[in-house]
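Reader: I'd like a close look at one part of this structure, the place where the ligand sits. Could you walk me through it?

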Amino acid sequence: MIKTDAIIIGAGPTGLFAVHQLGIIGLKCEVIDNLDRAGGQCIELYPDKPIYDIPGIPECTGEELTKGLLKQIEPFKNNFHLNQRVEEIKQENNLWILKTNKGNIFSAPNIIIAGGVGSFEPRKLSLKDAEKFEGSQIFYSVTNKNFFKNKKISIFGGGDSALDWALELSKLNEITLIHRRNDFRGASHTLSEIKKKEKDGKITIKTPYNLKNIEASQVMTGIEIEHENGKIEGIKTDYILSFFGLIMKLGPIADWGLNITGKTIPVNTENFQTNKEGIFAIGDICTYPGKLKLILSGFHEAALAARGCFKTARPNEKYRFEFTTASKSIHDRLGLKK
Ligand SMILES: Cc1cc2nc3c(=O)[nH]c(=O)nc-3n(C[C@H](O)[C@H](O)[C@H](O)COP(=O)(O)OP(=O)(O)OC[C@H]3O[C@@H](n4cnc5c(N)ncnc54)[C@H](O)[C@@H]3O)c2cc1C
């Protein structure tokens with residue numbers, strides 16, 4: 001069991017800044033996210049798009065903002081627990097016990113839910129048989145590329161993820177790239193690389209095709225794909241990688257006994273606490289009169305929720321307001337040289 005002062009659910013911009021705000025007041029935290037990297041919507045939905053309303057930063061992309069937030073929290077050395085979804089929350093002796101779908105258990109007096117629009121989940125293959133092989137021969141993300149070596153891989157999808165992984169894995173594998181449309185949506189330099197690999201016989205491209213059938217007894221040995229004109233083709237396949245984008249689901253958050261309005265959690269605006277003591281909600285997932293779903297609002301909410309956590313985590317200490325410019329204890333926590 002991992003014990004800490006606060007558990008942050010969600011590593012989007014709001015969750016990341018909450019790490020900072022907890023850190024400067026001397027509280028430790030652990031961050032959990034369902035995705036394989038930090039950044040939330042900024043990194044998943046618009047990494048290359050410029051943002052123009054972050055105070056003091058006239059222009060930065062979603063990826064640059066994420067990198068900046070991660071750099072800013074480096075001094076606090078918090079742990080990230082990625083690729084896992086928080087499933088259960090229960091209370092035991094004034095502590096919150098939280099469990100993820102990977103079986104990890106955390107305990108803390110405070111939870112900060114910074115879950116945005118809920119957990120991002122991969123859009124899955126609609127074929128019923130696909131479920132049987134999920135995690136063994138069918139994957140929706142790649143956590144270890146060395147797992148795939150000298151294999152026949154069918155990659156589905158038409159966006160950057162499908163193209164990038166087709167390129168990367170074609171170095172050591174036989175790749176078939178299958179898309180339901182004729183045009184791919186990836187960056188132009190990636191597309192020209194793909195075309196080069198196709199010419200060299202390293203990648204086979206099949207468009208416009210959909211997955212029709214999985215050929216398997218105990219293990220999957222191949223697939224059938226169907227052209228839009230109805231023609232069916234068989235492809236020997238050891239692994240399927242499918243990149244059809246992400247869907248957002250509120251997910252298990254709805255089952256934790258919190259007041260929920262639509263897909264958001266009502267909070268007070270003094271410290272962004274929910275109807276449960278010690279559980280705070282910040283960022284896109286919280287709601288209150290006048291709420292703006294903007295990153296800058298999430299930052300403000302993180303600052304006040306962190307102070308709210310202090311009361312529960314350090315019941316015998318008095319919180320002292322200090323500026324970062326002038327506070328010696330904050331400078332020490334940031335590891336600044338005197
Ligand atoms: C195209 C686009 C452009 C935008 N442009 C701007 C802009 O210019 N300026 C601006 O201020 N805002 C902009 N926004 C909005 C901004 O991105 C959001 O307000 C912001 O990302 C909210 O941050 P968050 O940390 O609250 O949530 P998110 O960024 O949504 O992150 C939430 C994280 O929580 C994780 N999570 C949820 N539930 C669980 C669970 N049970 N277990 C584990 N992890 C979980 C999710 O996987 C996700 O990573 C834009 C949004 C989009 C889509």
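Author: Sure, and keep in mind as we go that this is a predicted model. Let's start with the site itself. The ligand sits in the second largest pocket, and that pocket holds about 530 Å³ of space. Its lining is made of 38 residues, and Gln41, Ala114, Gly115, Gly116 and Val117 are the ones closest to the pocket's centre. If you want to trace the walls by secondary structure, look at helix 1 (13–24), helix 2 (40–44), strand 11 (119–122) and helix 7 (295–313), since each of these supplies at least two residues of the lining. As for chemical character, the lining splits into 20 nonpolar, 13 polar and five charged residues.

Now zoom in on the ligand. Its shell counts 31 residues, with Asp33, Gln41, Tyr46, Asp284 and Ile295 the closest. Gln41 is a handy landmark here: it is among the residues closest to the pocket's centre and also among those closest to the ligand. By class, the shell has 14 nonpolar, twelve polar and five charged residues.

Next, the polar contacts, which you can pick out one by one. Tyr46 uses its side chain: an N or O atom there is 2.5 Å from an oxygen atom of the ligand. Thr14 works through its backbone instead, with an N or O atom 3.1 Å from a ligand oxygen. Val86 also takes part by way of a backbone N or O atom, but its partner is a nitrogen atom of the ligand, 2.9 Å away. How much of the ligand ends up covered by the protein? On its own the ligand has 1000 Å² of accessible area, and the protein covers 87% of that. Helix 1, helix 2 and strand 11 are the elements that give two or more residues to the shell around the ligand.

While you have the model open, two backbone details are worth a glance. Most residues other than glycine have a negative phi, and most peptide bonds are trans. Lys77, in the loop between helix 3 (62–73) and strand 6 (79–81), has a positive phi of about 45 degrees without being a glycine. Then there's the peptide bond from Thr207 to Pro208, which is cis, with omega near -20 degrees. You'll find Pro208 in the loop between strand 15 (203–206) and strand 16 (209–216).

Key. Residues are numbered from 1 along each chain as its sequence is written. This is a predicted model: local features need pLDDT of at least 70, side-chain atom pairs count only at pLDDT 80 or more; totals for chains, interfaces and linings use all residues. Side-chain values use heavy atoms; hydrogens and water are left out. On a 1 Å grid over the protein atoms alone, a cavity is a set of points where a 1.4 Å probe fits but cannot get out, and a pocket is an open set with protein on both sides within 12 Å along at least five of seven lines; lining residues have an atom within 4 Å of a point. Grid points are joined across faces, edges and corners, and a volume is the space filled by probe spheres set on the points. Helices (H or I, at least four residues) and strands (E, at least two) are DSSP runs, numbered from the N terminus. Ala, Val, Leu, Ile, Met, Phe, Trp, Tyr, Cys and Pro count as nonpolar, Asp, Glu, Lys and Arg as charged, and the others, Gly among them, as polar. A residue is near a molecule or strand if one of its heavy atoms lies within 4 Å of it. A polar contact is a pair of N or O atoms within 3.5 Å; within protein, one must be able to donate a hydrogen and the other to accept it, and residues adjacent in sequence count only if both atoms are side-chain atoms. Accessible areas come from the Shrake-Rupley method with a 1.4 Å probe; for residues, only the protein chains shown count as cover. A molecule sits in a cavity or pocket if more than half of its atoms lie within 2 Å of its grid points.
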